[in-house]
Amino acid sequence: MKSITYSNLWRRLLPHYDEREAKAVVRTLVEELFQLTLTDLYAGGLDNLTTAEQQRLETSLQQLEAGIPVQYVTGTARFFGRDYVVNPHVLIPRPETEVLCETILSAYNQPYCALQPPAPLRVLDIGTGSGCIAVTLALDLWNSSVSAWDVSGEALLTARENAHRLQAQVNFEWHDVLSLDEAALAATPFDIIVSNPPYVCDCERKDMTEQVLAHEPHTALFVPDNDPLLFYRAIADYGVTHLNPHGLLAFEINPIYAEETCKMLEHMGYEQIESKEDQYGKERIVIARKD
């Protein structure tokens, strides 16, 4: 097999990515598959791959050329400093969602909590997907008891695998927040309800990349144009009866609807409503407290 170079690899991806993205995707690929650093790539590290490894690299490149996201090709994605198993049944964790976790952790992981630990904080993650939010909070939120729901059985299997791999204690359950069953309605109230629900309107499809549209699960992405707050309304309504007094409701949102989301929560009786920006300067997080 002819010599493989870093330049040849990323140039093959130019129909799907710009140069910067193509280079980043190749670096991610070879680091995950073969633990090669950028220095290794420039030092000819690809020449040391075995025939089997070269074939694996070629197969992976062909998948990338077909538009499959690199995280699905490698089967892993990084979130909050940990590696998660991902597949086409779950969304690929995004850096923006880390801000949602950071917001909750900063609100509760205060020094005074360690002086006299209260009863465990009951946390519910609705629409858990890969489980990245639930696992992060289970591992990093002091004295917490975390439950997570999803309407996708395949997503719950993936989330359970991630919790097992990362040794996080999370209670995963199948529930449809748009049609709650008796078990969900009978649940003991929570101190925190968090969600990154579907929030991309159908009309926004034209602005999305081929990799997302063709390969990530649409049920976890899209809401109807005529009801962009569909899931937020259902979750907030559940919070009215299933959040403890002063409990926290925390959402990742579509920045386009930040003001509407806040007004909806105010109308439903929530207080201390705040909208927070993500690392890209977009209003991405909304938090509120139950009266």
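Here is a short walk through this predicted model, one selection at a time.

**Stop 1: the two domains.** Start by colouring residues 6-74 in one shade and 88-290 in another; the domain assignment calls these domain 1 and domain 2. Now put a marker at the centre of each, going by C-alpha atoms: the two markers sit 33 Å apart.

**Stop 2: where the domains touch.** Next, turn to the interface between your two colours. Here 8 residues of domain 1 make contact with 9 residues of domain 2. About 710 Å² of area is buried between domain 1 and domain 2, and 60% of that comes from carbon and sulfur atoms. On the side of domain 1 that touches domain 2, you'll find 5 nonpolar residues, 3 polar ones and no charged ones. How many salt bridges are there between domain 1 and domain 2? The count is 0. As for polar contacts, 1 residue pair turns up across this interface, with both residues at pLDDT 80 or more.

**Stop 3: a hairpin.** Select residues 76-79, which are strand β1, along with residues 82-85, which are strand β2. These strands pair in the antiparallel sense, over 4 bridges. For one of the partnerships, click on alanine 77 and look across to β2: its bridge partner there is tyrosine 84. Together β1 and β2 make a hairpin with 2 residues between them. While you're at the turn, pick out phenylalanine 80, whose phi is positive, at about 55°.

**Stop 4: a salt bridge in a helix.** Hop over to helix α2, residues 19-34, and show the side chains of glutamate 19 and lysine 23. They meet in a salt bridge, at 2.9 Å from N to O. Along α2 these residues are 4 apart, about one turn of the helix. If you'd like to keep hunting, the structure holds 10 salt bridges.

Technical notes: Residues numbered from 1 in each chain as written. Predicted model: local features only at pLDDT ≥ 70, side-chain atom pairs only at ≥ 80, totals over all residues. Heavy atoms only, no water. Domains from an automatic or database assignment. Contact = heavy atoms within 4.5 Å. Buried area = accessible area lost by both parts, 1.4 Å probe. Salt bridge = Lys/Arg side-chain N within 4 Å of Asp/Glu carboxyl O. Polar contact = N/O pair within 3.5 Å; in protein donor to acceptor, adjacent residues only side chain to side chain. Nonpolar A, V, L, I, M, F, W, Y, C, P; charged D, E, K, R; others polar. Pairing = 2+ DSSP bridges.
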